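Labels such as buried, stacked or salt bridge can seem arbitrary at first reading. Please look at the structure below and keep asking what lies behind each label.

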Amino acid sequence: MRKSFKVVGSVIIVAAAALTYVWPYIVMEFAGNAHYTEQDKRKYEFYTPDLLKKMPRISPRYDFNFANVTGPASHVYAVRYYGTDDSRQIETYLNAMGYQKQVSCHIEAVCWRSADPQEIVTVSTLDSPKALLVSVVYNY
C-alpha cells in the first residue's frame with residue numbers, strides 16, 4: 001500500500017511538472033494575439049518567423065506583434081521600428097531573400113511577394129508615433 005502511494009505520488013509530480021512546462025506553449029498556441037520584445041525569449045521563439053528574426057534592426061527601439069485573424073484565416077506577424085521611416089535596409093534585405101516588390105498593394109503600404117503564394121510582406125510608415133511597420137501575412 002505504501003509503495004503504491006509513492007508510485008502514484010511520483011506520477012502526479014511528474015505530470016504536474018510536465019504540465020507546468022508545456023502550459024505556456026498551449027496558451028500561446030490558442031492566443032488570438034501577442035505583443036512582445038526580443039527579450040521575451042519564449043514568445044519570440046514561438047511566434048516570430050525566420051524572416052523577421054533575421055531582418056536588420058534599423059532602430060534601437062523595436063517590438064513584435066502577432067495576430068490570429070479569423071474569417072479569412074490569416075496569421076499576421078509584425079515588427080515595428082520606432083523613430084524611423086527609412087526602409088532602404090529592409091528593401092535590400094527583402095531583395096536578397098528573393099522577395100519581389102509588387103506594383104500594387106491591398107493596403108497603403110509597399111507589398112512584397114516570394115514564391116509562397118500564401119505569404120505577403122508589407123512595409124508601411126506610421127506617423128504617430130513615427131515608425132516603420134513590417135508585417136508578414138500568411139493567408140490560409
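The questions and answers that follow go through such labels one at a time, for a model that is predicted.

Q: Why is Phe30 called exposed?
A: Phe30 has a relative accessible area of 71%, and exposed means over 50%, so the label applies to this residue. Phe30 is found in the loop between H1 and strand E1 (33-36).

Q: What makes Phe30 part of a nonpolar patch on the surface?
A: Residues of a patch need over 30% relative accessible area, and nonpolar side chains, Phe among them, are joined within 5 Å. Phe30, with its 71%, belongs to a patch together with Leu19, Tyr21, Val22, Trp23, Tyr25, Ile26, Val27 and Phe46, and the accessible area of the patch is about 900 Å² together. Helix H1 (residues 2-29) supplies the largest share of the patch, namely seven residues.

Q: Why is the pair of Tyr36 and Phe64 called stacked?
A: A pair of aromatic rings is described by the distance of the centres and the angle of the planes. The centres of the rings of Tyr36 and Phe64 are 5.6 Å apart, with the planes at 10°; a pair needs centres within 6.5 Å, and planes under 30 degrees apart count as stacked, so this pair is stacked. The search of the whole structure that finds this kind of pair gives nine aromatic pairs.

Q: How do you know that Tyr36 is buried rather than exposed?
A: Buried means under 20% relative accessible area, and Tyr36 has 2%, so Tyr36 is buried. Its partner Phe64 is at 0% relative accessibility and therefore counts as buried by this test.

Q: What makes the pair of Tyr77 and Tyr138 edge-to-face?
A: The ring centres of Tyr77 and Tyr138 lie 5.8 Å apart and the planes are at 75°; because planes over 60 degrees apart count as edge-to-face, this pair receives that name. Tyr77 lies in strand E3 (residues 74-82) and Tyr138 in strand E7 (residues 131-139), so the pair ties together parts that are 61 residues apart in sequence. Tyr77 and Tyr138 are both buried, and they belong to one aromatic cluster that includes Tyr36 and Phe64.

Q: How do you know that the side chains of Arg57 and Glu38 meet in a salt bridge?
A: Side chains of opposite charge can pair when their charged atoms come close. The limit for a salt bridge is a side-chain nitrogen of Lys or Arg within 4 Å of a carboxyl oxygen of Asp or Glu, and the N to O distance for Arg57 and Glu38 is 3.4 Å, so the pair passes. Arg57 is in the loop between helix H3 (50-53) and E2, whereas Glu38 is in the loop between E1 and H2, so that 19 residues separate them. The structure holds four salt bridges.

Q: Why is Arg57 called partly exposed?
A: Partly exposed is the range between the 20% of buried and the 50% of exposed, and Arg57, with a relative accessible area of 26%, falls inside that range, so the label fits.

Q: What makes the link between the side chains of Glu38 and Tyr62 a polar contact?
A: The side chains of Glu38 and Tyr62 make this contact at 2.5 Å, and because the limit for such a pair of N or O atoms is 3.5 Å, the distance lies within it. Leaving aside neighbours within four places in sequence, Glu38 is also in contact with residues including Tyr44 and Phe64.

Q: Why does the pair of Glu91 and Lys101 count as a salt bridge?
A: The N to O distance for Glu91 and Lys101 is 3.8 Å, and since the limit is 4 Å, the pair is accepted. Glu91 is in helix H4 (residues 88-96) and Lys101 in strand E4 (residues 100-101), ten residues apart.

Q: Why is Ser74 called buried?
A: Ser74 has a relative accessible area of 8%, and because buried means under 20%, Ser74 takes that label. Ser74 belongs to strand E3, and its side chain is joined to the side chain of Asn139 by a polar contact of 2.6 Å.

Terms used:
Residues are numbered from 1 along each chain as its sequence is written. This is a predicted model: local features need pLDDT of at least 70, side-chain atom pairs count only at pLDDT 80 or more; totals for chains, interfaces and linings use all residues. Side-chain values use heavy atoms; hydrogens and water are left out. Patches are made of residues with over 30% relative accessible area and no salt bridge: like charges are joined within 9 Å, nonpolar side chains (Val, Leu, Ile, Met, Phe, Trp, Tyr) within 5 Å. Accessible areas come from the Shrake-Rupley method with a 1.4 Å probe; for residues, only the protein chains shown count as cover. Helices (H or I, at least four residues) and strands (E, at least two) are DSSP runs, numbered from the N terminus. Buried means under 20% relative accessible area, exposed over 50%, partly exposed in between (1.4 Å probe, protein chains only). A polar contact is a pair of N or O atoms within 3.5 Å; within protein, one must be able to donate a hydrogen and the other to accept it, and residues adjacent in sequence count only if both atoms are side-chain atoms. Contact means heavy atoms within 4.5 Å. Rings of Phe, Tyr and Trp (its six-membered ring) pair if their centres lie within 6.5 Å; planes under 30 degrees apart count as stacked, over 60 as edge-to-face and the rest as tilted.
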